[in-house]
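Me: Please take a close look at one part of this model for me. I would like to know what lies across the sheet, and then how the strands beneath are arranged. Keep it brisk.

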Amino acid sequence: MIPGIAPVPAAPPVASPPQPRHMFVFGAGFVGRYVSERLLAQGWQISGTCTSPAKKRELEVLGMKASVFDATESSSSLQSIHSLQQATHLLISIPPIPGFGDPLLNLNEDLRRILSHGNLEWLCYLSSTSVYGDCGGALVDEDHMVNPKSESAKLRYEAEKGWLNLVNHLNLSAFIFRLGGIYGPGRSALDTLAKNNSLSQRQKMRESKQYTARIHVADIYQAVLASMSTRCARKIFNVVDDDPAPRAEVFAFARSLIEMRHPDLITESPDVNSAESDIQERILPAEKRVSNARMKKELGVKLLHPTYRSGLQSILDSWQTESQLPDRSR
């Protein structure tokens, strides 16, 4: 050091730029698209998969990087989806396929290799409360024994175990969300009535149930956001609202809302109580009241729509203009 000349302080270490938040959505359907649109508005990078070129174009208009992908095809490979390895967050919203299982888990080695060498910090698999089976109307939480009865419920539970096993040795937060019946704008009792749609056989089969778990898509999004700031090795959450009301009650309320605001939309109500006798005989009992206490306590979620009443009212309020009313031609 030269006398009289102060030493030049060492330059501070250059901080690494923060890693951009990048969500990859397997199955950008109703929930996946809802989550994607809102994260895009917050500046996230969003990539994901869909099932057709037409849907791919729709997602790209929103700002997503979309890929048409069918995991059931024998030639399917995740290596061609380059954005998957850049993802920091992974949302899985693809249901199991009867007779096939979870299509992504059949690509186990591909998945394990990509996720092990990527940037992943958070993973969430969207499952269903159907895994609990019939509990005789009891209140069930996440520690309650699962007892799936239907094929779809059994496949859901197998998928839960498969995803948790896949990420077992990865340093990330992994969540299983057991969702109630999903509703929201464009997919609700209001829309069914306004479009004068007949109930599907599957919907009719649910009419005898005393309790029905449900959740507004906006509250699924809330749970997703809350879980991202929760460092957790592996955790299961029931994502349902506070009111497991029977389906007929929900439709009756929806009808009353439409009759007050848009009476011309109602012609003849779909028969929400009818079902063929042979169908009724095949209904598997699945009575339960699903607790959301863990979601509220550990994730801090305050439901925007704690009951179907506020959820349906918000959907009706969004029908501000004639152009926003449900398209009855569909």
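Reply: Helix α8, residues 217-228, lies across five strands: β1 (22-26), β4 (89-92), β5, β7 and β10. Helix α8 runs at about 160° to β7. Keep in mind that this is a predicted model.

Now the sheet itself. Seven strands make up an open sheet, and their pairing is parallel. Read across, the order is β3-β2-β1-β4-β5-β7-β10. The edges are β3 (65-68) and β10 (234-239). Each edge strand has a single partner, so one side of each is left without a neighbour in the sheet. On average, neighbouring strands of this sheet are turned by 15° against each other, direction ignored. Strands of a sheet pair through backbone hydrogen bonds, either parallel or antiparallel.

Strand β5 deserves a closer view. In the sheet order, β5 stands between β4 and β7. On the β7 side, β5 (residues 122-128) and β7 (residues 173-179) pair in the parallel sense over 7 bridges. To find this pairing on screen, start at S128, which stands opposite L179 in β7. On the β4 side, 4 bridges join β4 to β5, and these two strands also run parallel. Here the landmark is I92, whose bridge partner in β5 is Y125.

How covered is β5? Mostly: 7 of its 7 residues are buried. In a regular strand the side chains alternate between the two faces of the sheet. In β5, W122, C124, L126 and S128 point one way. L123, Y125 and S127 point the other way. Both sets are buried. S128 and Y125 therefore each turn up twice here: S128 stands opposite L179, Y125 is the bridge partner of I92, and both residues are buried.

Next, the helix before β5. Helix α4 spans residues 108-116 and packs with helix α5, residues 151-166. Two packed helices are described by the angle between their axes and the distance between the axes. For α4 and α5 the angle is about 40°, and the axes are 11 Å apart. The two helices are therefore oblique to each other. Their crossing is right-handed. From α4, the residues in the contact are N108, L111, R112 and L115. From α5, they are W163, N165 and L166. By class, this contact has 4 nonpolar, 2 polar and 1 charged residues.

I114 also sits in α4. I114 is buried, with a relative accessible area of 4%. Beyond its neighbours within four places in sequence, I114 is in contact with L78, Q79, L84 and Q85. H82 is 32 residues from I114 in sequence, and the two are 9.7 Å apart in space, C-alpha to C-alpha.

A second helix pair is worth a look. Helix α9 (residues 247-261) packs with helix α12 (residues 308-317) at an angle of about 35°, with the axes 10 Å apart. This crossing is right-handed too. On α9, the contact uses E249, V250, F253, A254, L257, I258 and R261. On α12, it uses Y308, R309, L312, Q313, L316 and D317. The classes here are 8 nonpolar, 1 polar and 4 charged residues.

Last, the wider setting. The chain has 12 helices and 11 strands. Of its 330 residues, 46% count as buried. Among contacts between residues at least 6 apart in sequence, 81% join residues at least 24 apart.

Methods:
Residues are numbered from 1 along each chain as its sequence is written. This is a predicted model: local features need pLDDT of at least 70, side-chain atom pairs count only at pLDDT 80 or more; totals for chains, interfaces and linings use all residues. Side-chain values use heavy atoms; hydrogens and water are left out. Axes are lines fitted to C-alpha atoms, for helices over the stretch in contact, and angles run from 0 to 180 degrees between N-to-C directions. Angles under 35 degrees count as roughly parallel, over 145 as roughly antiparallel, 65 to 115 as roughly perpendicular and the rest as oblique. A crossing is left-handed if the near helix is turned anticlockwise from the far one by less than a right angle, and right-handed if clockwise. Contact means heavy atoms within 4.5 Å. Ala, Val, Leu, Ile, Met, Phe, Trp, Tyr, Cys and Pro count as nonpolar, Asp, Glu, Lys and Arg as charged, and the others, Gly among them, as polar. Two strands pair if DSSP finds at least two bridges between them. Buried means under 20% relative accessible area, exposed over 50%, partly exposed in between (1.4 Å probe, protein chains only).
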